[in-house]
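Biologist: I am new to this structure and would like a close look at a single part of it. Could you walk me through its nonpolar core?

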Amino acid sequence: MRTVPFENIDVQNGIPISVEVNDLYHKVVEHQRGGFCYELNTLFKTYLIEKGFEVFNVSATIHTPGGRRSQPDSHMSTIVVIDGTHYIADVGFGDLPLQAIPLTEDAEHNVVQDVTGTFRAVFIDEAHKQFEVQKWENDAWDTKYESDISPRTIDMFEDNIKYNQTNPNSVFVKRLVITMPTEKGRATMS
């Protein structure tokens, strides 16, 4: 996360987004570019699978200022399972910590703190199928996104990928965003 920015430069320039692994490798590794959730989490998931991890993507709905939400299921996050524990390992969101966030029943012990802030992941239903990723802001837990723990394939995001790169209501179409965590905090250009 310190070397690959979350960014939407291609969307701003009208360049179609590809989620093919070879295209992502070419863009991110060979050309040292970034991308948004579908790109970065697809490449990261592929890498983790090659390293032997149990990993899958999930769909999420972003909470936006003023109590609003993004288009349902328009964000793609990544979950890694290690020794039976699920971890949020989302490298395609513009404001998360540098380390994975554990997702367990004990919300108080799921807290991850680094220079970018204090975060946690909490189940929001008794069946442990729904969860939220939250950040401590203004003396309260602010939900960044809500998600279902069900695995999703990249083709399930096809409509949202198109929406986020072409629809005038998409935040990625509306404005440029480039952000990366640094040793002193998050650096963002928009």
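Of the 18 residues in the largest nonpolar core, which touch the most other members?

Modeller: Happy to help! Please keep in mind that this is a predicted model, in which local features need pLDDT of at least 70, side-chain atom pairs count only at pLDDT 80 or more, and totals for chains, interfaces and linings use all residues. Residues are numbered from 1 along each chain as its sequence is written, and side-chain values use heavy atoms, with hydrogens and water left out.

A nonpolar core is a set of buried Ala, Val, Leu, Ile, Met, Phe, Trp, Tyr and Cys residues joined through side-chain atoms within 4.5 Å. Buried means under 20% relative accessible area, exposed over 50%, and partly exposed in between, using a 1.4 Å probe and protein chains only. In the largest core, the residues that touch the most other members are I79, I88, L96, I101, F131, V133 and Y145. At least two residues of this core come from each of β2 (54–64), β4 (75–82), β6 (101–103), β8 (117–123) and β9 (130–137). The largest share, 4 residues, is supplied by β2. The names of these elements follow DSSP runs, numbered from the N terminus: helices are H or I runs of at least four residues, and strands are E runs of at least two. In soluble globular proteins, nonpolar side chains tend to be buried together.

Let us zoom in on V133. Leaving aside residues up to four places away in sequence, V133 touches I88, L96, I101, R120, A121, D142, T143, K144 and Y145, where contact means heavy atoms within 4.5 Å.

Next, follow β4, where 7 of the 8 residues are buried. Two strands pair if DSSP finds at least two bridges between them. β2 and β4 run antiparallel and are joined by 7 bridges, with V58 standing opposite S77 in β4. β4 is also joined to strand β5 (residues 85–88) by 4 bridges, again in an antiparallel arrangement. Here two core residues named above meet: I79 stands opposite I88 in β5. The hairpin of β4 and β5 has 2 residues between the strands, and D83 in this hairpin takes a positive phi near 50°.

Finally, a second, separate core has 12 residues, including V11, F36, M76 and I161. I161 is in helix α4 (residues 158–166), where N160, I161, N164 and Q165 are buried.
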